[in-house]
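Here are my notes on this model, set out point by point. Please keep the structure open while you read.

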Amino acid sequence: REDPYAANLVLAVPGISTATGPNLITNGTFENGTTGWSAATGATLTNPNGVLRITTTTTAGASQGSIPIISGRRYTLSFRVRTDGTNFANFSLDLGGTFQYVGNQNSTDWINVTKSFTANTTGNATLTPYKAISGWAEFDDIVFKQEDAPRDCSADIKGSGSNKTLTANGNAGVGYNIPSYYGS
């Protein structure tokens, strides 16, 4: 049956952005070792069962830098983490001088963590998974992607026509972390 209101659908903008671009991390799955990651002083990096294990007697971790970022763009970081049950593991993200901390986990079970950030400068980011105090933490499936800008998808929904090009007017932008209705 045909939708009698289809002709009235002019612009449909999704409420969220997604990160469909390439992973900006070199070796986030650790299937072939710890290539691309540098150990901080006091940390040892190993690769048991295809994960990154950081073992330390102090607060220390691994890092990967020179990840290109663009001011005003949003990025999504996701990873899995678990610890030996002592102290906690965390993830530090330097977005051009502004530090974000993600995780703060202390569980012997794998925990999935996902967080979005907005870069405040154009340059390079540094990602640092680490273990606090002493013991070990394991990280796996580390993904860092630039989010896609929201776009019109009215033609996709209608099945005809062309999607509109979105252009910000003045300081207009996309609102993030806005409460939603019905959990969507």
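1. Status of the model. This is a predicted model. Residue and element names below follow numbering from 1 along the chain.

2. The nonpolar core. The largest nonpolar core holds 29 residues. Leu77, Phe79, Phe91, Leu127, Phe139, Ile142 and Phe144 have the most contacts inside it. Several strands each supply at least two residues of this core, including strand 2 (43-46), strand 3 (52-56), strand 4 (60-69) and strand 5. Strand 6 (89-95), strand 8 (111-118), strand 9 and strand 10 (135-146) do so as well. In soluble globular proteins, nonpolar side chains tend to be buried together.

3. Phe91 inside that core. Beyond its neighbours within four places in sequence, Phe91 contacts Leu77, Phe79, Leu127, Phe139 and Ile142, among others. Those five also appear among the residues with the most contacts inside the core. The contact list of Phe91 further includes Gln100, Tyr101, Val102, Thr128, Pro129 and Tyr130.

4. Salt bridges overall. How many salt bridges does a search of the whole structure find? The search finds 6. Side chains of opposite charge can pair when their charged atoms come close. Three of the bridges are taken up in the next points.

5. Glu138 and Arg53. Their side chains form a salt bridge, 2.7 Å from N to O. Glu138 is in strand 10 and Arg53 in strand 3, so the pair ties together parts that are 85 residues apart in sequence. Are the two partners buried or exposed? Glu138 is buried because its relative accessible area, 2%, is under 20%. Arg53 has 22% relative accessibility, so Arg53 counts as partly exposed.

6. Lys131 and Asp84. Here the salt bridge spans 3.7 Å, N to O. Lys131 sits in strand 9, and Asp84 in the loop between strand 5 and strand 6. The two are 47 residues apart. Lys131 is buried, at a relative accessible area of 0%. Asp84 is partly exposed, at 24%. Separately, salt bridges with shared partners join Arg53, Arg82 and Glu138 into one network.

7. Glu147 and Arg74. The side chains of this pair meet in a salt bridge of 3.4 Å, N to O. Glu147 is in the loop between strand 10 and helix 1 (154-158), while Arg74 is in strand 5. They lie 73 residues apart and link distant parts of the chain. Both residues are buried.

8. Thr76, a second partner for Glu147. Thr76 belongs to strand 5 (residues 74-83). Which side chains make polar contacts with the side chain of Thr76? One is Glu147, at 2.7 Å. Another is Ser116, at 3.2 Å. Thr76 is buried because its relative accessible area of 15% falls under 20%. Leaving out residues up to four places away in sequence, Thr76 also touches Ala19, Thr114, Lys115, Val143, Phe144 and Lys145.

9. Asn124. This residue is in strand 9 (residues 123-131). Asn124 is partly exposed, with a relative accessible area of 45%. Where does Gly96 lie relative to Asn124? The two are 28 residues apart in sequence, yet 6.2 Å apart in space, C-alpha to C-alpha. Gly96 is also one of the contacts of Asn124. Others, apart from neighbours within four places in sequence, are Ser66, Ile67, Pro68, Ile69 and Asp94.

Definitions and conventions
Predicted model: local features only at pLDDT ≥ 70, side-chain atom pairs only at ≥ 80, totals over all residues. Heavy atoms only, no water. Helix = DSSP H or I, 4+ residues; strand = E, 2+ residues; numbered from the N terminus. Buried < 20%, exposed > 50% of the residue type's maximum accessible area, 1.4 Å probe, protein only. Polar contact = N/O pair within 3.5 Å; in protein donor to acceptor, adjacent residues only side chain to side chain. Contact = heavy atoms within 4.5 Å. Core = buried A, V, L, I, M, F, W, Y, C linked by side-chain atoms within 4.5 Å. Salt bridge = Lys/Arg side-chain N within 4 Å of Asp/Glu carboxyl O.
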